[in-house]
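Trainee: May we go through this structure together? I should like to begin with the whole chain and then turn to single residues.

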Amino acid sequence: MSDSEQLQRCALVDLSNLPRVGFRGTDAAAYLQNKGYQLPDRPNQACLQHTGEQVLRLSQTEYFLLGSLTDGGARIAADEAGWHYDESLANYLLPRQDSHTWLALTGAHLPELFAKICGVDLRTEAFPFGAVAQTSVARLNAIVVNGSTANLPVFHLLCDRASAHYLWGALLDAMDEFGGKAAGIEALQ
């Protein structure tokens, strides 16, 4: 089976080497807009940027940014490295590279797969493109993002990095019924 066929069927990809970062504070939105990011209108939504990054809005004042495959996350890495505290803009950097594992699950069986490991209804009609769920996945606190494209169903999964090994095994076990396999990051490019 080719990589593209595996992605369409059911695949697990580790994106943990791509940069990701958070920002929180009453002026976090203004700070990110000044950096050229489009922001979701409300919490628990994601906004795909034209350059491939995703901005997740987790609450009224907290954002989680995921790097783009296109530039290897360079924009996110540069924004994190260039951040400095400014008393005129109440916003705080939340480093996420070492705290959160980032996995992507792909394929036509995502809703059925997640029904086995998550209590939230993640079918397309209940969890459309750009939706964010802060929930439990395989008994771990996690953030699930519907990052599907027109060509490929994709859910991004963010959880505590210390639990990555456990979650990887739990996901592979849940995927087995659907012929799911691990795939390299190059399969998504």
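Mentor: The following conversation concerns a predicted model.

Trainee: How many helices and strands does the chain have?

Mentor: The chain has 5 helices and 11 strands.

Trainee: What is its radius of gyration, and what would a compact globule have?

Mentor: The chain has a radius of gyration of 16 Å. A compact globule of 189 residues would have a value near 16 Å, so the two agree. The C-alpha trace spans about 55 × 30 × 30 Å along its principal axes.

Trainee: What share of the residues is buried?

Mentor: Of the 189 residues, 49% count as buried. The accessible surface of the chain is about 9,200 Å², and carbon and sulfur atoms provide 49% of that surface.

Trainee: And what about contacts between residues distant in sequence?

Mentor: Among contacts with a separation of 6 or more, 64% join residues 24 or more positions apart.

Trainee: Let us change topic to pockets. What is the volume of the largest pocket?

Mentor: Its volume is about 400 Å³. The pocket is lined by 21 residues, and those closest to its centre are Gly52, Leu69, Gly147, Thr149 and His156.

Trainee: How many of the lining residues are nonpolar, polar or charged?

Mentor: The lining of the largest pocket holds 12 nonpolar residues, 9 polar residues and no charged ones.

Trainee: Now for single residues. Where is leucine 39?

Mentor: Leucine 39 is in the loop that runs between helix H2 (28-34) and strand S3 (45-48).

Trainee: Is leucine 39 buried or exposed?

Mentor: Leucine 39 counts as buried because its relative accessibility is 15%, and the cut-off for buried is under 20%.

Trainee: Which residues does leucine 39 contact, beyond its neighbours within four places in sequence?

Mentor: Leucine 39 is in contact with Ala29, Leu32, Gln33, Cys47, Val55 and Tyr63. As for glycine 52, its C-alpha is 14 Å from that of leucine 39, and the two residues are 13 apart in sequence.

Trainee: Does that loop hold anything else to discuss? Which residue there has a positive phi?

Mentor: Asparagine 44 lies in the loop between H2 and S3, and its phi is near 65°. Most residues other than glycine have a negative phi. With 30% relative accessibility, asparagine 44 counts as partly exposed.

Trainee: What is the phi of arginine 139, and where is that residue?

Mentor: Arginine 139 has a phi near 70°, a positive value in a residue other than glycine. Arginine 139 is placed in the loop between strand S8 (132-137) and strand S9 (140-146). Its relative accessibility is 80%, so arginine 139 counts as exposed.

Trainee: What about glutamine 60: is it buried or exposed?

Mentor: Glutamine 60 is exposed, at a relative accessible area of 55%. This residue sits in the loop between strand S4 (54-57) and strand S5 (62-66). Glutamine 60 and glycine 169 are 109 residues apart along the chain, and 34 Å separates their C-alpha atoms.

Trainee: One last residue. Where does alanine 108 lie, and what does it touch?

Mentor: Alanine 108 lies in the loop between strand S7 (100-106) and helix H4 (110-117). Not counting residues up to four places away in sequence, alanine 108 touches Gln8, Arg9 and Pro153. Alanine 108 is exposed, with 52% relative accessible area.

Trainee: How far is alanine 108 from leucine 48?

Mentor: Alanine 108 and leucine 48 are 21 Å apart in space, C-alpha to C-alpha, and 60 residues apart in sequence.

Terms used:
Residues numbered from 1 in each chain as written. Predicted model: local features only at pLDDT ≥ 70, side-chain atom pairs only at ≥ 80, totals over all residues. Heavy atoms only, no water. 1 Å grid on protein atoms, 1.4 Å probe; cavity = no way out; pocket = protein on both sides within 12 Å on 5 of 7 lines; lining within 4 Å. Points joined across faces, edges and corners; volume = space filled by probe spheres on them. Nonpolar A, V, L, I, M, F, W, Y, C, P; charged D, E, K, R; others polar. Helix = DSSP H or I, 4+ residues; strand = E, 2+ residues; numbered from the N terminus. Rg over C-alpha atoms; globule rule 2.2 N^0.38 Å. Buried < 20%, exposed > 50% of the residue type's maximum accessible area, 1.4 Å probe, protein only. Contact = heavy atoms within 4.5 Å. Areas by Shrake-Rupley, 256 points an atom, 1.4 Å probe, with all protein chains shown as cover.
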